[in-house]
Amino acid sequence: MSSATLELSPDLAKAMLSYLLALADDEMLLGHRDAEWTGLGPILEEDIAFSSMAQDELGHARIWYQLRQSLGAEDPDRQAFLRDAPDWRNARLLELERGDYAVSLVRQYLVDLAEQVRLRALLGCPWVPLAEAAAKLLQEEKYHLLHGHAYLGRLSASSDLARARLQAALDLLWPYALGLWEAPEGEAALVAAGLLPGSAELAPLWHEAVQLRFGEAGLRLPQAAEPVHGGRRGEHGPELTALLAAMQGLYRSDPGAEW
């Protein structure tokens, strides 16, 4: 069957719904955390940059939620704003508090490098809607990568203190970053059907990219860190509960409101 006419079987559609939920939830929470820098950036340029990236990430979340809607899920707003913490499938990295600027910058760059690897792999998906969505997001994510590369290099070269703060952020986030490659529910069925590569196959490509980019900035990757998993199974920390209370409060106050 050609890619132009490929339709998902009921079982594969169910697997795809689960897989896409992890992608959407990651983007939604990163967008929220980025938005928390609006008005608080260390310089005006970064205030604008993080606000812009927040808009992009929230837009990308909407694309994934809409793709789920095409498979029978609820509309994107209800998916994002009417689920409690145990129903979220994000990697734990994305729910962590904003932290200082070094934490947010390092987290953003780690996630952007992971998204580049994953989206490039999804370009080859024979289910056309997924491949087309990946192509669109990949074009926008390249600007996030340019931002992360520029500021990581600029700050690491500026002073010993700045480099030490970046290293401390990387040390803190690294176990959670490894959890980005916890396989989402449904992935195994999609891999078996030849629709996409598995997270275990993509993780080494990301690790290589991270080692190169952070190494160029004079930063070292922590050794022998245990990945923090569980997020893809709905196991989260208290940070997510607090985040959702802030993010969902207005919508939950009147879900039927017309905006």
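This passage describes the overall fold, the internal cavity and one buried arginine of a predicted model.

The protein chain is built from helices. Nine helices are present, and the number of strands is zero. From the N terminus on, the order of elements reads α-α-α-α-α-α-α-α-α. The radius of gyration is 18 Å, close to the 18 Å that the globule rule gives for 259 residues, so the chain is as compact as a globular protein of that length. Along the principal axes, the C-alpha atoms fill a box of roughly 55 × 45 × 30 Å. Of the 259 residues, 53% are buried. Contacts across the sequence were also examined. Among those between residues at least 6 apart, 82% join residues at least 24 apart.

The interior was then searched for enclosed space. Across the whole structure, one cavity of 30 Å³ or more was found. The volume of this largest cavity is about 170 Å³. Its lining consists of L23, D26, E27, W64, V111, A114, E115, R118, L119, L137, L180 and R232. Two elements, helix 1 (10-35) and helix 4 (101-122), each give two or more residues to this lining. Helix 4 provides the largest share, with five residues. By residue class, the lining holds seven nonpolar and five charged residues, but no polar ones. The charged members of the lining include D26, E27 and E115. R118 and R232 are charged as well. Among the nonpolar members are W64, V111 and A114.

Helix 1 also carries R33. This arginine has a relative accessibility of 7% and therefore counts as buried, the cut-off for a buried residue being under 20%. The side chain of R33 reaches a backbone atom. Its partner is the backbone oxygen of L96, at 2.9 Å. L96 also appears among the residues in contact with R33 when neighbours within four places in sequence are left aside. The run L94, E95, L96, E97 and R98 belongs to that set. R107, E239 and L243 complete the list of contacts. R107 lies in the range of helix 4 (101-122), the element that gives five residues to the cavity lining. Helix 1 thus features in both parts of this description: helix 1 is one of the elements giving two or more residues to the cavity lining, and helix 1 is the place of the buried R33.

Note on methods. Residues are numbered from 1 along each chain as its sequence is written. This is a predicted model: local features need pLDDT of at least 70, side-chain atom pairs count only at pLDDT 80 or more; totals for chains, interfaces and linings use all residues. Side-chain values use heavy atoms; hydrogens and water are left out. On a 1 Å grid over the protein atoms alone, a cavity is a set of points where a 1.4 Å probe fits but cannot get out, and a pocket is an open set with protein on both sides within 12 Å along at least five of seven lines; lining residues have an atom within 4 Å of a point. Grid points are joined across faces, edges and corners, and a volume is the space filled by probe spheres set on the points. Helices (H or I, at least four residues) and strands (E, at least two) are DSSP runs, numbered from the N terminus. Ala, Val, Leu, Ile, Met, Phe, Trp, Tyr, Cys and Pro count as nonpolar, Asp, Glu, Lys and Arg as charged, and the others, Gly among them, as polar. Buried means under 20% relative accessible area, exposed over 50%, partly exposed in between (1.4 Å probe, protein chains only). A polar contact is a pair of N or O atoms within 3.5 Å; within protein, one must be able to donate a hydrogen and the other to accept it, and residues adjacent in sequence count only if both atoms are side-chain atoms. Contact means heavy atoms within 4.5 Å. The radius of gyration is taken over C-alpha atoms; the globule rule is 2.2 Å times the number of residues to the power 0.38.
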